[in-house]
Amino acid sequence: MTQAANTLQFYNTETKRKEPFTSIEPGHVRMYTCGPTVYDFAHIGNYRAYVFEDVLRRYLHYRGYRVTQVMNLTDVEDKIIRRAQEKGITIFEHTVPFIEAFFEDLDTLNIEQAEHYPRATDYIPQMLEIIRTLREKDYTYERDGSIYYRIAKFQSYGRLSGIRPDEVKSGARIDSDEYEKDDARDFVLWKGRKENEHFWESEFGPGRPGWHIECSAMSKEFLGDHFDIHTGGEDNIFPHHENEIAQSEAASGVKFVNYWLHCRHLLVDGEKMAKSKGNFFTLRDLIQRGHHPSAIRYFLVASHYRSPLNLSEEALKASHAAWTRIMDFHTRIVEIIQRKVDAPRVEALDAEWKKFVTQFETHMDDDLDTPRALASLFDFIKESNKILDANPIAQSQAKQLLDTLKRVDTVIGVIKEEEALLDEEIEQLIQLRQDARKQKKFALADKIRDELANQGIILEDTRDGVRWKRR
RNA sequence: GGCGGCGUAGCCAAGUGGUAAGGCAGAGGACUGCAAAUCCUUUAUGCGCCGGUUCAAAUCCGGCCGCCGCCUCCA
């Protein structure tokens, strides 16, 4: 691990403070990241959370930690059951295509694979095990075939969200649809079977799991009773995560999670995304509108995860431009390497990238401060371009520059190596244009350039020949 | 009603007591056959509003206005 003057720290929702990070097991971080409920395509707001978690994971790797990440797939829940019923299919037939789509989307956004993606329905026995333990410890009671958790018995209930149990508004949102409970604030662990609903047999009778229990069961399964980091969107703080703590700690008797990290919601044009408002976008919608995946990822990475982020057409365009600037710089360095020039080492350049790496790490260490980390990247690009304009650069030095950029991009994840070569027809057009230029037939040359532009190929005439890029 | 967060240039977004980062867009210039890329210059006498503390406030305190989130299954 690199030595840095400062230490990695995260803002912990539970303590409302930034705290230095220490893993339970040296060199190994175990984290649980709340994943999607797969009743439909995930929307762009969901992906803010997953990209944030990806950056967290990537930076922990950058810092030399081994990471074990679990992301649950919630594949049984009210909406899933309702939609499956409407279509006359099983819940599994309904969720599997959306699970596949979810993984495609993760790939589109260059999100690294977690170590485990457990599906709730595969861990029913583990959930029942926890409920059994809770019952033995007298944290539960039964009503009409459902098992409830008795909040009043858990002393520190509310410590994550800051919501005291007696402040929870009773009435309006707790409607007659709910089963009879001793206390309106209690939550369900096991829901008694309703007609036509998918159910599992259990010692508590036929039914299905409550929402919160799956995360307690699956985190325990893969990470143990006590692990390092648990993340999710801000909406999860209450009641979901609060209830997870209550369940897990009551059952295990030990502390559940050391660091709780939550990201803010994404807004669209200043408002909460809602299908009724017509401002609801899936990742696929944005791609279809012509937004480049890397530009979308850049947009999500460029703001701090605890700050509000407002999606708009203009903001996405700006992100695309900023991303292009990074890519152009990358291309420039790759070309220098390909040219194999022999030149004296430019020490000013070494100084720039060393300064940059230090700044980048300092900012990322500070609760993943990506806005400032990227600002230092742009400073670095500007200063490097200046030096590159004025000096020939040796291949060996350019390689170091590229390594630096790539290493930083193991965290940011927006640099795309050129995937495809140009097809021959385009190569020929570029050559044709070069010939025309030599003969000073500029009208023809410009016409070819325009044609290529229409096909998404942008040409740049440089001192060292023609450079092309897509889009 | 309770709890929490936010309000900085046309847009995105840093800055949490010392005199306004960075990106995009705009303007002028260098380079170019013209462009593009790159570089240079330029763009907030002011950080929602009104008071207060201080030698000094976007930053602290009080009040007000506006926006957002959570308050039982929504990242």
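Where in chain A is the place of Asp-138? Asp-138 sits in the loop between α4 (124-136) and β5, within a model that is predicted. The secondary structure of chain A comes to 14 helices and 15 strands, and buried residues make up 51% of its 471 residues. The points below treat the overall chain, the surroundings of RNA strand B, selected strands and helices, and backbone features.

**Overall chain**

- Taken along the principal axes, the C-alpha atoms of chain A fill a box of roughly 90 × 55 × 35 Å.
- Of the contacts in chain A between residues at least 6 apart in sequence, 77% join residues at least 24 apart.

**Surroundings of RNA strand B**

- There are 59 residues around RNA strand B, and Arg-185, Lys-191, Gly-233, Asn-236 and Asp-389 come nearest.
- On the RNA side, sugar and phosphate account for 61% of the atoms of strand B that come within 4 Å of the protein.
- By residue class, the surface near RNA strand B divides into 28 charged, 19 nonpolar and twelve polar residues.
- Helix α11 (residues 370-390) provides the largest share of this surface, with nine residues.
- Two residues approach phosphate oxygens of RNA strand B: Arg-325 through a polar side-chain atom at 3.2 Å, and Pro-308 through a backbone N or O atom at 3.5 Å.
- A base nitrogen of RNA strand B lies 2.6 Å from a polar side-chain atom of Asp-446.

**Strands β5, β6 and β7**

- Strand β6 (residues 146-149) runs antiparallel to strand β5 (residues 140-143), with four bridges between them.
- Strand β6 also runs antiparallel to strand β7 (residues 187-192), to which three bridges join it.
- Within the pairing of β5 and β6, Thr-140 stands opposite Tyr-149.
- On the other pairing, Ile-147 has Trp-190 in β7 as its bridge partner.
- Ser-146 and Tyr-148 point one way from β6, whereas Ile-147 and Tyr-149 point the other way; all of them are buried.
- The hairpin of β5 and β6 has two residues between the strands, and Asp-144 takes a positive phi there.

**Helix α3**

- Helix α3 (residues 91-108) has 18 residues and reaches 26 Å from its first C-alpha to its last, close to the 26 Å expected at 1.5 Å a residue.
- The buried residues of α3 are Ile-91, His-94, Thr-95, Phe-98, Ile-99, Ala-101, Phe-102, Asp-105 and Leu-106.
- These buried residues pack against four elements, namely α1 (44-62), β4 (66-71), α2 (78-87) and α7 (283-288).
- Following α3 is Asn-110, which has a positive phi near 60°.

**Gln-69 in strand β4**

- Strand β4, one of the elements against which α3 packs, contains Gln-69.
- Gln-69 counts as buried because its relative accessibility is 4%, where the cut-off is under 20%.
- The side chains of Gln-69 and Arg-57 are joined by a polar contact of 2.9 Å.
- Leaving aside neighbours within four places in sequence, Gln-69 is in contact with Met-31, Thr-33, Glu-53, Arg-57, Ala-114, Glu-115 and His-116.

**Backbone features**

- Most residues other than glycine have a negative phi, and most peptide bonds are trans.
- Asp-138 has a positive phi of about 65° although it is not a glycine.
- With a relative accessible area of 45%, Asp-138 is partly exposed, because that value falls between the limits of 20% and 50%.
- Asp-144, in the loop between β5 and β6, likewise is a residue other than glycine with a positive phi, near 50°.
- Asp-144 counts as exposed because its relative accessibility of 60% is over 50%.
- The peptide bond from Phe-238 to Pro-239 is cis, with omega near 5°.
- Pro-239 belongs to helix α6, which spans residues 237-252.

Notes. Residues numbered from 1 in each chain as written. Chains lettered and ligands numbered in written order. Predicted model: local features only at pLDDT ≥ 70, side-chain atom pairs only at ≥ 80, totals over all residues. Heavy atoms only, no water. Near = heavy atom within 4 Å. Polar contact = N/O pair within 3.5 Å; in protein donor to acceptor, adjacent residues only side chain to side chain. Nonpolar A, V, L, I, M, F, W, Y, C, P; charged D, E, K, R; others polar. Buried < 20%, exposed > 50% of the residue type's maximum accessible area, 1.4 Å probe, protein only. Pairing = 2+ DSSP bridges. Expected span 1.5 Å × (residues − 1). Contact = heavy atoms within 4.5 Å.
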